[in-house]
Amino acid sequence: MSKAYLNYAAKRLVQAIVVILLAYVFTFVVVSILPGDPITNVLNNPQNGFTPDEIKEIIAAQGLDKPIPVQLWTSFSGFVTGDLGLSMRTNRPVSTLIAEVLPSTLVLASAGLVVALLLSAVIAYGTQLLPKRLGQGLLRGFPSLFLSVPNFVIGLVLIHLFGFQLGVFRVIEPDSFWATLFAAIALGIPISAQIAEVLIANLDHESGLEYAAVALGRGLGQMRLFAKHLLKPSSLPVITVIALTIGELLGGSLITETVFGRTGLGSLVQRSVSTQDLPVLQAVVSLAAVVFVIVNLIADLTYPLLDPRVKLLGAPERRPTTADEGSAGISKAVTLCPSPPPPLPRMSRRSAG
């Protein structure tokens, strides 16, 4: 790896750490520090049934009786080491609660991303292969349609059609293969819209270049042209789009889990909101921010490796070598030397005499 890339990677890593720190501090301030903080309101609410002795024990266990800088440092150091605190409702470690439901959410999010990538690739390839009436009109309108329909509406339609009407999967078995597949479809359809739009735009640009016309003129098929020459340069901006849609993917997975009745982070967040279990909510929000920042960091570090045309910011300029100076001197000499005058026309002897 070059020194410029290592400098670029170090800067991006420092920026990612700063963003994670600011996100955690912001979440901590909203939950714990603002006047009338939610934790105190929850403990003092008579409907929750906490006795004064229990309130004192919870405040001491959560460290709420300590100064705010100490609370922030204790909370952040525990977050870094994996200690996310105790749930106010179950008195169990928050890390244990998240670890029990995280695999289901990861499976759904990964399957939804695969569905989004396949669907966007099919739509983008169809716009290049099919006739203009279908490719230019019908398929190019799909991303706008997908983006305008929320994923919970798609999920309810799929449950009604394939769950109740056709009986492809049982609603009471949300973790089965077919239920997971249709949940992934409901999650991946809106996300595929943004990926398809970027991929179609880049395919249109690449297919209009001269090398694509030359390849078609030499008899290369449309499918081979798409797979070998158009897909790779057109897919590079998709990496950035995928990284930016990770937040939407996580948020959509929470809603989709609730619609399909899956046990995951969505159900955990729903229970935490209904019971006002704020340590769990703070941990989930902070973890989501960390995942989003890490995925975008990986995309930023991968992009220059895949596309050498990307110019790294802060890269040192290349000093001219001796060969460059020699070629520059030759070109300068050629430019400064005047061109020889045109030859005079020969005069005949008759005109000379």
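A nonpolar core is taken here as a set of buried Ala, Val, Leu, Ile, Met, Phe, Trp, Tyr and Cys residues joined through side-chain atoms within 4.5 Å. In this predicted model, the largest such core has 38 residues. Inside that core, the residues with the most contacts are F169, I191, I195, L203, L225, L249 and F260. Quite a run of helices chips in: α5 (94-129), α6 (132-148), α7 (151-165), α8 (177-207), α9 (210-217), α10 (222-244) and α11 (246-260) each put at least two residues into the core. The biggest giver is α8, with 13 residues.

L203 makes a handy example of how things are packed. Leaving aside residues up to four places away in sequence, L203 touches A124, Q128, F226, L230 and S234. Apart from the largest core there is another one, made of 14 residues, and its members include Y24, L265, V269 and V290.

Now for G126, which sits in helix α5. With a relative accessibility of 8%, G126 counts as buried, because the cut-off for that label is under 20%. As for its surroundings, the C-alpha atom of G126 lies 7.1 Å from that of L139, and the two residues are 13 apart along the chain.

Next come the pockets, or at least one of them. The second largest pocket holds about 380 Å³ of space. Its lining runs to 20 residues, and the ones closest to the pocket centre are L102, L106, L250, L265 and V291. Two or more lining residues come from each of α5, α11 and α13 (278-306). Helix α5 has the largest share of this lining, at seven residues. In terms of chemistry, the lining of the second largest pocket breaks down into 16 nonpolar residues and four polar ones, with no charged residues.

How far to trust all this depends on where one looks. Across the chain, the mean pLDDT is 77, and 80% of the residues reach 70 or more. Helix α7 comes out with the highest confidence, at a mean of 90, while helix α14 (residues 322-336) has the lowest, at 38. Along residues 314-353 the pLDDT stays below 50, and that stretch has five contacts in the model beyond near neighbours in sequence.

Methods
Residues are numbered from 1 along each chain as its sequence is written. Side-chain values use heavy atoms; hydrogens and water are left out. Buried means under 20% relative accessible area, exposed over 50%, partly exposed in between (1.4 Å probe, protein chains only). Helices (H or I, at least four residues) and strands (E, at least two) are DSSP runs, numbered from the N terminus. Contact means heavy atoms within 4.5 Å. pLDDT is the predictor's confidence in each residue, from 0 to 100. On a 1 Å grid over the protein atoms alone, a cavity is a set of points where a 1.4 Å probe fits but cannot get out, and a pocket is an open set with protein on both sides within 12 Å along at least five of seven lines; lining residues have an atom within 4 Å of a point. Grid points are joined across faces, edges and corners, and a volume is the space filled by probe spheres set on the points. Ala, Val, Leu, Ile, Met, Phe, Trp, Tyr, Cys and Pro count as nonpolar, Asp, Glu, Lys and Arg as charged, and the others, Gly among them, as polar.
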